[in-house]
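User: Could you take a close look at one part of this model for me? I would like to focus on the metal site.

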Amino acid sequence: MKIVVFTDLHYRTDGADLLVDPDASLAAGIEHVNKHQQDADLVVFTGDIAHTGEEQSYLDFKSRIASLTPPHALMIGNHDKREVFQQVFPEAPKDENGFVQQIIDHDDCRLILLDTLNAPPYDYPNFHFGNLCEHRLEWLRQALSSAGEKRCIIFMHHPPHETGFVSMDMIRLQNGPEFYEIVKAAGNVAHIVAGHVHRTISGSHEGIPFSIFKSTTTQMPMLFDVMDFHLETPEPPAYGIIDVRPQSVLVHTEDYGLSDLDDLRANASMQI
Ligand SMILES: [Fe+2]
């Protein structure tokens, strides 16, 4: 199974005046995927679709992704407003408690998409923290225990562990230990995918490998110790590619703004 991951789109009405225009940048990413990853089974958007949760931002995003060739699945993050998102995307799957969570089964793997938004109420700064309430933890428990022989890959906006950036670590998933207790007890999670940090990060936590991808807008500068949530640098945007094979989970990132694959493919030699 091949999955493309876009994260942290941050659509907003004044986007064209920003350091990076979110719509122009995502448009370039979608064009790149349609050309070079059109065989993807799924494109997952791991949250922070709309910077301030405005309806117009979701509508703009909706028009933009209409041109995406592979099927897609949407998730929300701390910048989103669940109720507004669900108004604009009434067809988006939700769980029995109304959270934007879903299971996607494919051959021998199960994708579990979580809703880590700590709202409503949308009280600053609490809505920026990630959280999985009792209902969502129980839903995760069931999703893992009913997976049978399938390996599970969990997608969540907020990383459930520290990443080394003091500012973003403060607003990571607040109940990471409870999350990992469930994941470790299930014993069938092959990989965790997150967003939120706007940086390519990989490693493992509690023995479980994870990947975090760059945003389609601005990125987190490599300043681990600066306590400022608004740090940003216009480094090139990227999308992730997760290639699930019988014995492995391969993870790639593509800096699509720098990558001109047409010429390279046309001029490639077959010589070894
Ligand atoms: Fe975020």
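Is histidine 157 buried or exposed?

Analyst: Happy to help! This is a predicted model, in which local features need pLDDT of at least 70, side-chain atom pairs count only at pLDDT 80 or more, and totals for chains, interfaces and linings use all residues. Residues are numbered from 1 along each chain as its sequence is written, and side-chain values use heavy atoms, with hydrogens and water left out.

Histidine 157 is buried, with a relative accessible area of 0%; buried means under 20% relative accessible area, exposed over 50% and partly exposed in between, using a 1.4 Å probe and protein chains only. Through NE2, His157 coordinates the iron ion, together with Asp48 (OD), Asn78 (OD1) and His196 (ND1), at 2.2 to 2.3 Å. Donors here are N, O and S atoms within 2.8 Å of the metal (3.2 Å for Na, K and Ca), and water is not among the atoms, so sites may look incomplete.

Along the chain, the donor residues follow the spacing D-x29-N-x78-H-x38-H. Aspartate 48 sits in the loop between β2 (42-46) and α2 (55-65), and histidine 157 in the loop between β6 (151-156) and α5 (166-170), so this pair ties together parts that are 109 residues apart in sequence. Helices (H or I, at least four residues) and strands (E, at least two) are DSSP runs, numbered from the N terminus. Aspartate 48 is buried too, with a relative accessible area of 2%.
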